[in-house]
Amino acid sequence: STPSLTPSWLNQLAADAIMISSVLERTVVGREAIVKVIQAAGGLYEAHAVVFSASFGDRELFEYDALAFGGVAVHGVVTLTRSTVGEIIAVGVHHGPLSAVNKLSSALKDILATELGASYFLS
């Protein structure tokens with residue numbers, strides 16, 4: 001069996017799921033690419049705490065506070081949309097403030113540009 005991914009909702013992604021994020025220049029398509037981005041971003045956090053979560057209909061929402069880059073505060077909102085069979089088909093990951101967004105995007109570009117493609121990041 002494959003090891004469980006963190007966060008656990010990554011295990012429920014549909015093969016053709018999409019993700020839109022404030023740290024990416026365009027939509028990410030496919031389970032593998034989404035897992036790479038989420039795990040790379042999570043690896044940048046020095047601290048992370050979910051401060052709110054809710055489910056309604058086919059949607060889930062998580063709000064979190066994190067620290068990265070030696071104490072830079074990041075606020076994030078994750079939205080998950082499920083199909084009728086329960087797989088996650090769409091992910092939204094939105095961050096603030098802008099200075100933190102820019103730092104995250106730049107760090108992710110350093111980690112992922114070769115593997116994922118430079119077109120996902122601002123030049």
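This is a tour of a predicted model, going from the sheet to the helices and then to the largest pocket.

**Stop 1: the sheet**

Select the strands and colour them separately. They make an open sheet of six strands in the order β2-β1-β6-β5-β4-β3, and the pairing is mixed. The edges are β2 (28–29) and β3, each of which pairs on one side only.

Begin at the β2 edge. β1 and β2 are antiparallel and share two bridges. To find one of the pairs, select Met-19 together with Val-28, its bridge partner in β2.

**Stop 2: β3 and β4**

Move to the other edge and show β3 (45–56) with β4 (59–68). These strands run antiparallel and are joined by 10 bridges. His-48 stands opposite Ala-66 in β4, so keep both displayed as a register mark.

Next, select Gly-57, in the loop between β3 and β4. The hairpin here has two residues between its strands, and Gly-57 has a positive phi near 60 degrees. Is Gly-57 buried or exposed? With a relative accessible area of 86%, Gly-57 is exposed, because the cut-off for exposed is over 50%. Add Thr-81 to the selection: Gly-57 and Thr-81 are 24 residues apart in sequence, and their C-alpha atoms are 9.1 Å apart in space.

**Stop 3: β4, β5 and β6**

Add β5 (72–82) and β6 (88–96) to the view. β4 and β5 are antiparallel, with 10 bridges between them. They form a hairpin with three residues between the strands, and in its turn Phe-69 has a positive phi of about 55 degrees.

β5 and β6 are also antiparallel, joined by eight bridges. Their hairpin has five residues between the strands, and in the turn Gly-86 has a positive phi of about 95 degrees.

Which residue of β5 is the bridge partner of Asp-65? Select His-75. On the β6 side, the bridge partner of His-75 is Gly-96. Displaying Asp-65, His-75 and Gly-96 as sticks therefore traces a row of bridge partners from β4 through β5 to β6.

**Stop 4: helix α1**

Select residues 31–44, which are α1. This helix has 14 residues and reaches 20 Å from its first C-alpha to its last, close to the 20 Å expected at 1.5 Å a residue.

Show the side chains of the buried residues of α1: Ala-33, Ile-34, Val-35, Val-37, Ile-38, Ala-40, Ala-41 and Leu-44. What covers them includes the strands β1, β2, β3, β4 and β6, as well as helix α2.

**Stop 5: helix α2**

Now select residues 98–116. A straight helix of 19 residues would span 27 Å at 1.5 Å a residue, but α2 spans only 23 Å between its end C-alpha atoms. Centre on Asp-110, where α2 bends by about 50 degrees. Just past the helix, Gly-117 has a positive phi, near 120 degrees.

The buried residues of α2 are Ala-100, Val-101, Leu-104, Ser-105, Ala-107, Leu-108, Leu-112, Ala-113 and Leu-116. Among the elements that cover them are α1, β3, β5 and β6.

For a residue of α2 that is not on that list, select Lys-103. Lys-103 is partly exposed, with a relative accessible area of 41%, because that value falls between the 20% and 50% cut-offs. Leaving aside residues up to four places away in sequence, Lys-103 touches Phe-69 and Val-72. Phe-69 is the residue from the β4–β5 turn at Stop 3. Also show Val-23: this residue and Lys-103 are 80 residues apart along the chain, and their C-alpha atoms are separated by 8.8 Å.

**Stop 6: the largest pocket**

Finish with the largest pocket, which has a volume of about 420 Å³. Of its 22 lining residues, select Pro-7, Ile-38, Tyr-45, His-48 and Tyr-64, the closest to its centre. Two of these names have come up before: Ile-38 is among the buried residues of α1, and His-48 stands opposite Ala-66.

Which element gives the most to the lining? Colour α1, which supplies six residues. β1 (13–21), α1, β3, β4, β6 and α2 each supply at least two residues.

Definitions and conventions. Residues numbered from 1 in each chain as written. Predicted model: local features only at pLDDT ≥ 70, side-chain atom pairs only at ≥ 80, totals over all residues. Heavy atoms only, no water. Helix = DSSP H or I, 4+ residues; strand = E, 2+ residues; numbered from the N terminus. Expected span 1.5 Å × (residues − 1). Bend = angle between axes of the 7 residues up to and from the residue. Buried < 20%, exposed > 50% of the residue type's maximum accessible area, 1.4 Å probe, protein only. Contact = heavy atoms within 4.5 Å. 1 Å grid on protein atoms, 1.4 Å probe; cavity = no way out; pocket = protein on both sides within 12 Å on 5 of 7 lines; lining within 4 Å. Points joined across faces, edges and corners; volume = space filled by probe spheres on them.
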